[in-house]
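Let's take a walk through a protein fold, one stop at a time. Keep the 3D view open so you can find each spot as it comes up.

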Amino acid sequence: MSRLNELLQQAGNIGRNEDGSITRLGFSEGYFQALELLKARMKEIGMQVETDPVGNLHGILPGSDPEAKAIVIGSHLDTVIKGGVYDGMLGVTGAMEVAARLKDEGRTLRHPLEIWGFNMEESSILGGTFGSRCVTGMIDPDLPGYPEKLAKFDCSPEKVKAAKRDISKYECYLEYHIEQGDKLDHTGIDVGVVSGIVSIIDYKVTAKGMSNHAGTTMMANRKDALVGMAKLIVAAEERAKELNDTLVFTVGKISVSPGQENVIPGQAVANFEMRHMDKAVTDQFYADIQALAKEIPNCEFEFVNTIAKYSTPCDPRLIKLIDGVCTEKGISHVIMPSGAGHDANPMAHEGVPIGMIFVPSVKGISHQGDEYTKPEHIDMGADVLYQTVLKLDETGV
């Protein structure tokens, strides 16, 4: 195996579960084990390395021009519960391969090269992309209730504020990642040049009925909140399919109250998540869901928006540059959107030009233990990343 594949698998063994999946949650013991492994490797490469106040891994390879802005590469070190080897970790180890190859070839870039291994990119009570949002200054840690959430991870508002960096000194941000979908694997295309990152919109939906005895309340007289919620979920799924072929809709979390076998549910709460590049599509879909809810009898619905991360375009010049690298090397590639959120979002939100490189996920599997990307694709994507960095160092964005 290549050096990159070996390091990726070594890091993947940290947090390994009995079923082969990986659980390496942000701020966990396994998370910091992985961080220390990569930190030691970064030092071997000759990078200046630190763990920042919120648990992000940060390495710098100085450039020859003290006035040049940094070329930044990053992704995350944490996983979902029972996740896989590649999501996030590929981007950090791939970035380290770029730095190692520069050392092997005796090259010194004009620009500084910075690598970030972000903490807690996956969803949590602190919100997704926590580490990168701290670096870009997008988190207000003094919001009511947030200090208490931070304290659960031995973190504090002061640490969040101390983690903010001057990203005006960043030339651009690149992220190397597995696709997490099946477009590349299904079509046999080797590399995805990402055009942008879709919106992620989430609503907390509450269905309100009336609790009553399960044995004595006849079917005609019931106001079952769970049945109402089920009807809305099915109707929303059908509407999503009709509205747009790239709109996705998911209900991944639901709770029922009072939650007893012999009591009709008086309330059901679910999270409705929708993703698409075009805000007009998600706005229309939400309006359609509200209209569908009004047609469901014996149940009232309440909607509260909990997440509104709108789509983020990648920088056109970076898209063109990555596309050109693939063409020069004879690599089959396609320009495509990302259906998942990434640490690139906060960077772009705060004005840093972003570019992303995808390699195939076999069968489109991600966020579970069977997640797999072929070793040859791992190395191919890293080479595209390396060549992109070299061209950026020559020309800038």
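What follows is a tour of some helix pairs, a pocket and two spots in the backbone. Keep in mind that this is a predicted model.

A quick bit of background before we start. Two packed helices are described by the angle between their axes and the distance between the axes.

Let's begin with helix 1, residues 3-12, and its partner helix 12, residues 375-395. At what angle do helix 1 and helix 12 pack? The angle is about 115 degrees, and their axes are 9 Å apart. That makes helix 1 roughly perpendicular to helix 12. If you're curious about handedness, the crossing of these two helices is right-handed. On the helix 1 side, the residues making the contact are L4, N5 and L8, while helix 12 brings in P375, I378, D379 and A382. Sort the residues of this contact by class and you get five nonpolar, one polar and one charged.

Now move on to helix 2 and helix 3. Their axes are 10 Å apart, and the packing angle is about 15 degrees. Helix 2 and helix 3 are therefore roughly parallel to each other. This time the crossing is left-handed. Which residues meet here? Helix 2 offers A34, L38, R41, M42, E44 and I45, and these meet M89, V92, T93, M96, A99, A100 and K103 of helix 3. Broken down by class, the contact of helix 2 with helix 3 has nine nonpolar, one polar and three charged residues.

Next comes some empty space. Rolling a probe the size of a water molecule over the atoms shows where empty space is left. The second largest pocket of this model holds about 180 Å³ of space. Which helices each supply at least two residues of its lining? They are helix 1, helix 2 (29-45) and helix 3 (89-104), so you've met them already in the stops above. Helix 3 gives the most, with six residues. Among the residues lining this pocket are R3, L4 and L7, along with R41, E44, I45, T93 and M96. The lining as a whole divides into five nonpolar, one polar and six charged residues.

Further along the chain, find helix 8, residues 225-243, and helix 9, residues 279-294. Their axes come within 10 Å and cross at roughly 145 degrees. The crossing of helix 8 and helix 9 is right-handed. Helix 8 makes the contact through L232, A235, A236, R239, A240 and L243, and helix 9 through V281, Q284, F285, D288, I289, L292 and A293. By class, the residues of this contact are 10 nonpolar, one polar and two charged.

To finish, zoom in on the backbone. What kind of peptide bond joins S257 and P258? It is a cis peptide bond, with omega at about 5 degrees. You'll find P258 in the loop between strand 8 (248-257) and strand 9 (267-276). The last stop is D154, in the loop between helix 5 (146-151) and helix 6 (157-162). Phi of D154 is near 55 degrees, which is a positive value in a residue other than glycine.

Methods: Residues numbered from 1 in each chain as written. Predicted model: local features only at pLDDT ≥ 70, side-chain atom pairs only at ≥ 80, totals over all residues. Heavy atoms only, no water. Axes fitted to C-alpha atoms, helices over the stretch in contact; angles between N-to-C directions. Helix = DSSP H or I, 4+ residues; strand = E, 2+ residues; numbered from the N terminus. Parallel < 35°, antiparallel > 145°, perpendicular 65-115°, else oblique. Left-handed = near helix turned anticlockwise from the far one by under 90°. Contact = heavy atoms within 4.5 Å. Nonpolar A, V, L, I, M, F, W, Y, C, P; charged D, E, K, R; others polar. 1 Å grid on protein atoms, 1.4 Å probe; cavity = no way out; pocket = protein on both sides within 12 Å on 5 of 7 lines; lining within 4 Å. Points joined across faces, edges and corners; volume = space filled by probe spheres on them.
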